[in-house]
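Colleague: Please take a close look at the salt bridges in this model, and at whatever spaces they border. Plain description will do.

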Amino acid sequence: MSTFWLTLAAVCLILYVALSLTFLFYPNLIHKPKRIPRSQQVIAHRGAPQHHLQARSPRVNTCEIMSTFWLTLAVVCLILYVALSLTFLFYPNLIHKPKRIPRSQQVIAHRGGAGECLENTEEAFDNSVKVGATILEMDVRLTRDGKVVVFHDVKLQRACGDNRRISECHYKDLPQLKKTIPVTFYKGKETTGKDRHITLLRKVFERFPDVLMNIDIKENNEVLINKVIDMIEEFEREKITILASSNDNVVKRCCQKDDKVLLAFGKWGVMMVLLAFYTGLLPFLRLREDVFEIIMPSLCFRMFTPQPDDGWLQKKWFPPLFDMLLMNRLLFRHLKARGIEVYIFVLNQEEDVNRALRYGVTNIMTDYPSWLVEFYKKIFSH
């Protein structure tokens, strides 16, 4: 509260100075002139002759006065905008009611914990819940016969060794997963497991009725979106299921289908939040989404090596610049104060987790939930 009153006092002082300067230069905005003052008056001292003195009629440059006025007014408005923006950036609850108390220290099992069991399988979800993961993250797609399956890729090639699209197959004809699958977000690592079946979203809901889930809808398909939301409503999971997608059209369709469902920002939604933040507009915007879910840029650029045909600017300047813009502690603090949770993915190494914690983010998505649970116990026990 002391910080709040100090900030409020600073804002009031800035407003006072701005208004004082405005009315100092333009007093007629608040004062009616007593009369039109005379100018260029020649006052004869002790009756001295004045025939050699000639008074010139004053010439008033109206355009110059008006341009100065509008310039001053613009400066005052800018100062007022900056002052209000900073106030509501630090104290958003003055104008926004928090969506809810944001969760913290969440261990989010990416694809069910893709580094400890085969990704998106019931075995992976079982293992993650058993070791203490608090949120299960998964991906969903639609088969040819309209089944909502938990699967990441468009094609079956990487995970199953089959070059068909999953949308071309009936559920009963889907192949098993390969015995070992590379861990996407940890170069050189592979995982294996006993359960090699592609499971249904309905089975996951039935098996884990009270576990928080983050579902990434991989297709801009109205049938898929409707089926997922209908299942969420059927299992009464509206408050414990977050729908996410990099496609903003999917996010929009989810909102249109059920305006109460929990949503994560899409790709362009994240970019708009960044633009609004750095232009000072963010504190004044109403945000529908509930989760700000981002990849740590430094991790992304470390994983995907620049190609030879990439430009010098793309190789040298873009990675650190994007990382600097996206990883902002003040942005994360503002969002959390408005009840919007911040998730960072996919962190599998201690140095990345420590960096996220330095920015105040404790909701972390990982392929190794058992490792992150133990790491959190060690960090937060102190």
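Modeller: A residue counts as buried when its relative accessible area is under 20%, as exposed when it is over 50%, and as partly exposed in between. The model is predicted, and a search of the whole structure finds 17 salt bridges in it.

I start with the pair Arg158 and Glu119, whose closest N and O atoms are 2.7 Å apart. Arg158 belongs to helix α4 (residues 157-160), while Glu119 sits in the loop between β1 and α3 (122-131), so this salt bridge ties together parts that are 39 residues apart in sequence. The two ends differ in cover. Glu119 has a relative accessibility of 7%, so it falls under the 20% limit and is buried. Arg158, at 23%, is partly exposed because this value lies between the two limits. As general background, side chains of opposite charge can pair when their charged atoms come close.

Glu119 also borders an enclosed space. The search finds 1 cavity of 30 Å³ or more, and the largest cavity has a volume of about 50 Å³. Its lining consists of Glu119, Asn120, Val150, Phe151, His152, Ala159, Leu177 and Ile198. By class, this lining has 5 nonpolar, 2 polar and 1 charged residues.

The next pair is Asp290 and Arg288, with 3.3 Å between the closest N and O atoms. Both of these residues are buried. They are also part of a network of salt bridges that links Arg100, Arg103, Arg288, Asp290 and Glu341.

Which residues lie closest to the centre of the second largest pocket? This pocket has a volume of about 290 Å³, and of its 14 lining residues Lys97, Lys99, Leu287, Arg288 and Asp290 are the closest to the centre. Arg288 and Asp290 therefore appear both in the salt-bridge pair and among the residues closest to the centre of this pocket, each counting as buried by the 20% limit. The lining here has 4 nonpolar, 1 polar and 9 charged residues.

The largest pocket has about 810 Å³ of space. It is lined by 33 residues, and Ser246, Glu293, Ile294, Ile295 and Phe345 lie nearest its centre. Elements giving two or more residues to this lining include β6 (212-217), α8 (267-279) and β9 (291-295). Its lining has 18 nonpolar, 7 polar and 8 charged residues.

The last pair is within one helix. Lys377 and Glu374 meet through their side chains at 3.5 Å, N to O. Both lie in helix α14 (residues 369-380), and their spacing of 3 residues is about one turn of the helix. Lys377 has 52% relative accessibility and so counts as exposed, the limit being over 50%. Glu374, at 47%, is partly exposed because it does not pass that limit.

For contrast with the charged pairs, there is a nonpolar patch on the surface, formed by Leu80, Leu84, Leu94, Ile95, Leu281, Phe284 and Leu285, with about 540 Å² of accessible area together. Ile95 is in the loop between α2 (62-90) and β1 (107-109), and at 39% relative accessible area it is partly exposed.

Definitions and conventions: Residues are numbered from 1 along each chain as its sequence is written. This is a predicted model: local features need pLDDT of at least 70, side-chain atom pairs count only at pLDDT 80 or more; totals for chains, interfaces and linings use all residues. Side-chain values use heavy atoms; hydrogens and water are left out. On a 1 Å grid over the protein atoms alone, a cavity is a set of points where a 1.4 Å probe fits but cannot get out, and a pocket is an open set with protein on both sides within 12 Å along at least five of seven lines; lining residues have an atom within 4 Å of a point. Grid points are joined across faces, edges and corners, and a volume is the space filled by probe spheres set on the points. Helices (H or I, at least four residues) and strands (E, at least two) are DSSP runs, numbered from the N terminus. Ala, Val, Leu, Ile, Met, Phe, Trp, Tyr, Cys and Pro count as nonpolar, Asp, Glu, Lys and Arg as charged, and the others, Gly among them, as polar. Patches are made of residues with over 30% relative accessible area and no salt bridge: like charges are joined within 9 Å, nonpolar side chains (Val, Leu, Ile, Met, Phe, Trp, Tyr) within 5 Å. Accessible areas come from the Shrake-Rupley method with a 1.4 Å probe; for residues, only the protein chains shown count as cover. A salt bridge is a side-chain nitrogen of Lys or Arg within 4 Å of a carboxyl oxygen of Asp or Glu. Buried means under 20% relative accessible area, exposed over 50%, partly exposed in between (1.4 Å probe, protein chains only).
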